[in-house]
Amino acid sequence: EMQQFNTIFPNEETLLANPETEARKLITLKNAINLEKKRILGKLASGEPIAASKVSELNQKIFEIERLNDMLGPIETIFSGTSVQDATNSAAQEILNKALNKGKRGDRK
């Protein structure tokens with residue numbers, strides 16, 4: 001399972017090169033963990049006998065999924081409104097402007 005999820009997580013090395021692809025990975029990740037949560041809840045609700053240790057393990061997984069969902073936040077809205085490329089360009093321009101302004105202030109010593 002961990003190997004599968006590692007391919008879903010955004011890669012920090014390619015985040016700046018292709019932020020839209022990396023952002024879509026977060027949406028894929030959230031969908032995958034929510035499907036897992038649904039599967040676990042279905043198993044718990046099925047009425048089939050489950051060992052207490054297994055119930056505890058499944059409840060722990062649900063807890064972990066909820067924590068990850070909280071950390072991810074409302075990523076479903078990531079592509080509504082401003083495009084990722086526009087946001088990236090704006091951020092890059094702001095960084096460049098701050099760097100240029102810092103250099104100008106440094107020359108006034």
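Why are Lys54 and Glu57 separated by about one helical turn? They are three residues apart in helix 3, so about one turn of that helix lies between them. We'll come back to that pair; first, some ground rules for the viewer.

**Before you click**

You have a predicted model open, where local features need a pLDDT of at least 70, side-chain atom pairs count only at pLDDT 80 or more, and totals for chains, interfaces and linings use all residues. Residues are numbered from 1 along each chain as its sequence is written, and side-chain values use heavy atoms, with hydrogens and water left out.

Colour by pLDDT, the predictor's confidence in each residue on a scale from 0 to 100. The protein's mean is 76, and 61% of its residues reach 70 or more. Confidence is lowest in helix 1 (residues 2-8), with a mean of 58, and highest in helix 3 (residues 52-72), at 92. Helices here are DSSP runs (H or I, at least four residues), numbered from the N terminus. Where pLDDT is low, don't read the predicted coordinates in detail.

**Stop 1: helix 3**

Select residues 52-72, which make up helix 3. Put a distance label on its end C-alpha atoms: they are 30 Å apart, in agreement with the 30 Å that 21 residues should span at 1.5 Å a residue. The expected span is 1.5 Å times one less than the number of residues.

Now show Leu58, Ile62, Ile65, Leu68, Asn69 and Leu72, which are buried. They cover an arc of only 125° around the axis, so they sit on the same side of helix 3. That arc is taken from the directions from the helix axis to the C-beta atoms. As for the cut-offs, buried means under 20% relative accessible area, exposed means over 50%, and partly exposed is in between (1.4 Å probe, protein chains only).

Spin the view to the face turned away from the buried side, and you'll find the exposed residues Ala52, Ser53, Asp70 and Met71. Just past the end of the helix, click Gly73, which takes a positive phi of about 70°.

**Stop 2: the core**

What do the buried residues of helix 3 pack against? Helix 2 is their partner. Select Leu29, Ile33, Ile40, Leu58, Ile62, Ile65, Leu68, Leu72 and Ile75 to see the largest nonpolar core, nine residues in total. Such a core is a set of buried Ala, Val, Leu, Ile, Met, Phe, Trp, Tyr and Cys residues joined through side-chain atoms within 4.5 Å. Helix 2 (19-45) and helix 3 each supply at least two of its residues, and helix 3 gives the most, with five.

Zoom in on Ile62, which is in helix 3 and buried at 14% relative accessible area. Leaving aside neighbours within four places in sequence, Ile62 is in contact (heavy atoms within 4.5 Å) with Lys37, Ile40, Leu41 and Leu44. The C-alpha atoms of Ile62 and Ile33 are 9.3 Å apart, with their positions 29 residues apart along the chain.

Next, go to Leu29 in helix 2, which is buried at 1% relative accessible area. Its C-alpha is 9.8 Å from that of Leu68, 39 residues away along the chain.

Then pick Lys30, also placed in helix 2. Is this lysine buried or exposed? Lys30 counts as buried, at 9% relative accessibility. Beyond its neighbours within four places in sequence, Lys30 is in contact with Asn69, Leu72, Gly73, Pro74, Ile75 and Glu76.

**Stop 3: the salt bridges**

Side chains of opposite charge can pair when their charged atoms come close. Look for three salt bridges in this structure, each being a side-chain nitrogen of Lys or Arg within 4 Å of a carboxyl oxygen of Asp or Glu.

- Lys37 and Glu66: the closest N and O atoms are 2.1 Å apart. This pair links distant parts of the chain, with Glu66 in helix 3 and Lys37 in helix 2, 29 residues apart. Glu66 is partly exposed at 28% relative accessibility, and Lys37 is partly exposed at 22%.
- Glu36 and Arg39: their side chains meet at 2.8 Å, N to O. They are three residues apart in helix 2, so about one helical turn separates them. Arg39 is partly exposed at 42%.
- Lys54 and Glu57: here is the opening pair, meeting at 3.6 Å, N to O. Lys54 is partly exposed at 30%, and Glu57 is partly exposed at 37%.
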